[in-house]
Amino acid sequence: MLSVTRSTTVRYCVIAASTAAALLALVVGINLVVDPFGTYRLVELEGVNLQKPAVHHRVRLVKANEVRQVRPRGIVLGTSRSHLGLRPSHEGWDPEARPVYNLAFDGATTKEMYHYLVHAHTVRPLRQVVLGLDTYHATLAPATTRPDFDPYLLDSPGFGVPALIRSDLRILSSLDTARASLATLGAQNDRQPQWFAADGQRLGDVFFRRPGEPFEQLGPRGYFEEIDRLEVGFKRAGRLAASAGGTARPATSETSLDYIKRIVAFCRAERIDLRVIVVPEHVHQLEITAALGEWRAIEEAKRAIVSLLTEDAAQHPDAPPIPLWDFTGYSSVTTEALPPSGSRAEMRFYWDSSHFKSIVGDFVLDRVFGLNDGRTAPPDFGVRLTASTIESALAQVRAEQLAYRRANPEEAAWIRTLVEGDTPGRRDTNTVAVGGHR
Amino acid sequence: MTAREEATGDRGRYLSHAITFVAVVVAWVFFRATDLGSAIRMLGAMFGSNGVQLPPSLGSLWPGTAVAAGPIDSGVALGVSAVLLALAWFGPNTQELTGYVGPDGANASPTTPRPRAIQWQPSVAWAVAVGCLFGAALMLMSKVSEFIYFQF
């Protein structure tokens, strides 16, 4: 056995610790200067770190930091649909709620929306929030978060550990950040159009029209159909996951709907003007859901949101009720026809069946804020849902659905064949359904 | 000990290593699985009951063997696993690195002592190496995950 003196031990430990500290200091320094996520912007040099491609795949981290920089008083919460479609610069926002920041991001869950709401309010008290929900949010599925959600990036009351330690130093000393810094240094000649606006909105006109993007390669019509195909897979996978997990869940786990309740309760307690919307997906999304036998889930989701807002209103009779606007359904906006086959013409209202354009977002916010600033939203677009209107509204949608299918038999048939798996590679408008596999 | 006896002892030791390794790998499945049925299904899959597919990057090595479809290519992972397995089996363990033998030599390594070059010393070189490993370990503790999924 090797014999070691005390002085040797102390020297050994000091050298080892100093080496580790020096290595970390070097990495922190490099990451601070290169700043791959655009957090600090201390040094911005052409050819070194001006292009920051790492931002695009870590939107949750970037937005958590941008909230600290922008200090908004109004925010948008939601998924990529709200991220793309709802303008923080819309004229209808309360002037006291400016600046407004679009805090929506891809695949946002209600649990994540709640935590980002608390974060934004902790940074600076909020005045106004627009909550953009998809119908799948208002369910009893367990509340979840995505892989890049990190609660330690977010501020909240009573969070004892300073952000400098739990967020800044932790991220700066991370090997992932070092990798991102190296990738940033190597990507300076690859100039990508910037689709991430300063107010947090994703600019669809830039994002979809980047060279090499599927929207450009397939054309608007081809891209729309491709998203429909993917949507069938996503919904099927979600249905399989739900059935595999069974209906039993641990008594202590919270659901996605529970976090909507938390958001409502938080805004009430903090006197934040909350406006809730169900975002306007194209009817192809509704038809896919119906073809998968999940139509009832959409109606139950809307009933659930109405129920919790009704309960909230009953608990706060002296305050205005929180409004719920439903922009799904079979309106003249959501039933927009696809471009002719072979055409590269764009749709007016939609990028694909999931994502609406800013013009539709403006119609939405016009309704939500009661604004009519030269734009005229189609009268059949959007309905206020309350306990007294929900059932008639749902019946109306069902009637419109039947009318849509009668008027658009090809569309309905295309969706059915997509779901049933017997679909051609690209749609032949002269063919309703084709047997065989792609 | 004769050369023959030594060779037989070595073979026996390697065989016992392999048996122990397989036993531990099988046992781990039962610890990790949610229930007995899942464990048995997993073991069946591990022993080929669901067929065998090569990752796309290794498909050319055994022509005629099915190649896995899907976006994930596990070829690199298999390669890394093979290297790590070799390191675990044939590399020095901490007792051999540090020369620790325990009370009355109870924990002494039964194999021939490793070359002095790889034995730990309280030297500057070892201190720097360990410091670098410690720093790297701290850097690996923080994940900054990506999310690459635009759809929702």
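A residue is called buried here if its relative accessible area is under 20%. By that criterion, 51% of the 438 residues in chain A of this predicted model are buried.

The overall dimensions of chain A provide a frame for the details that follow. Its secondary structure comprises 14 helices and six strands. Because the radius of gyration of chain A, 25 Å, is close to the 22 Å that the globule rule gives for 438 residues, the chain is as compact as a globular protein of that length. The C-alpha trace spans about 90 × 60 × 50 Å along the principal axes of chain A. Of the contacts in chain A with a separation of 6 or more, 76% are between residues 24 or more positions apart. The accessible surface of chain A amounts to about 19,300 Å², and carbon and sulfur atoms contribute 57% of that area.

The strands of chain A may be considered next. Six strands form an open sheet with mixed pairing, and their order across the sheet is β2-β1-β3-β4-β5-β6. At the edges stand β2 (100-102) and β6 (383-384) of chain A, each of which pairs on one side only.

The sheet can be followed inward from the edge strand β2(A). Strand β1 of chain A, residues 74-77, runs parallel to β2(A) and is joined to it by three bridges. Within this pairing, A:Gly74 has A:Val100 of β2(A) as its bridge partner. Strand β1(A) is also joined to β3(A), again in the parallel sense, by four bridges; here A:Val76 stands opposite A:Val130. Beyond that, β3(A) pairs with β4 of chain A, residues 273-278, over six bridges and in the parallel sense. In this pairing A:Leu133 of β3(A) stands opposite A:Val278 of β4(A).

How many of the six residues of strand β3 (residues 128-133) of chain A are buried? Six of the six are, so the strand is largely enclosed by the rest of the structure. The burial applies to both faces of β3(A): A:Gln128, A:Val130 and A:Gly132 point one way, A:Val129, A:Leu131 and A:Leu133 point the other way, and all are buried.

A helical residue offers a second example of burial. A:His83 belongs to helix α3 of chain A, which covers residues 80-85. Its relative accessible area is 0%, so A:His83 counts as buried. The side chain of A:His83 reaches the backbone oxygen of A:Gly200 at 3.1 Å. Apart from neighbours within four places in sequence, the contacts of A:His83 include A:Val59, A:Lys63, A:Asn102, A:Phe105, A:Asp106, A:Trp195 and A:Arg202. Among these partners, A:Asn102 lies within the range 100-102 of the edge strand β2 of chain A.

The cysteines remain to be examined. A disulfide is a covalent bond between the sulfur atoms of two cysteines. A search of the whole structure finds zero disulfides over all chains. Why does A:Cys13 form no such bond? The closest cysteine sulfur to that of A:Cys13 is in B:Cys132, 16 Å away, and this is too far for a bond, because a disulfide requires sulfur atoms within 2.5 Å. Viewed from the other chain, the closest cysteine sulfur to that of B:Cys132 is in A:Cys13. Both residues are partly exposed: A:Cys13 has a relative accessible area of 45%, and B:Cys132 has a relative accessibility of 34%.

Note on methods. Residues numbered from 1 in each chain as written. Chains lettered and ligands numbered in written order. Predicted model: local features only at pLDDT ≥ 70, side-chain atom pairs only at ≥ 80, totals over all residues. Heavy atoms only, no water. Pairing = 2+ DSSP bridges. Helix = DSSP H or I, 4+ residues; strand = E, 2+ residues; numbered from the N terminus. Buried < 20%, exposed > 50% of the residue type's maximum accessible area, 1.4 Å probe, protein only. Polar contact = N/O pair within 3.5 Å; in protein donor to acceptor, adjacent residues only side chain to side chain. Contact = heavy atoms within 4.5 Å. Rg over C-alpha atoms; globule rule 2.2 N^0.38 Å. Areas by Shrake-Rupley, 256 points an atom, 1.4 Å probe, with all protein chains shown as cover.
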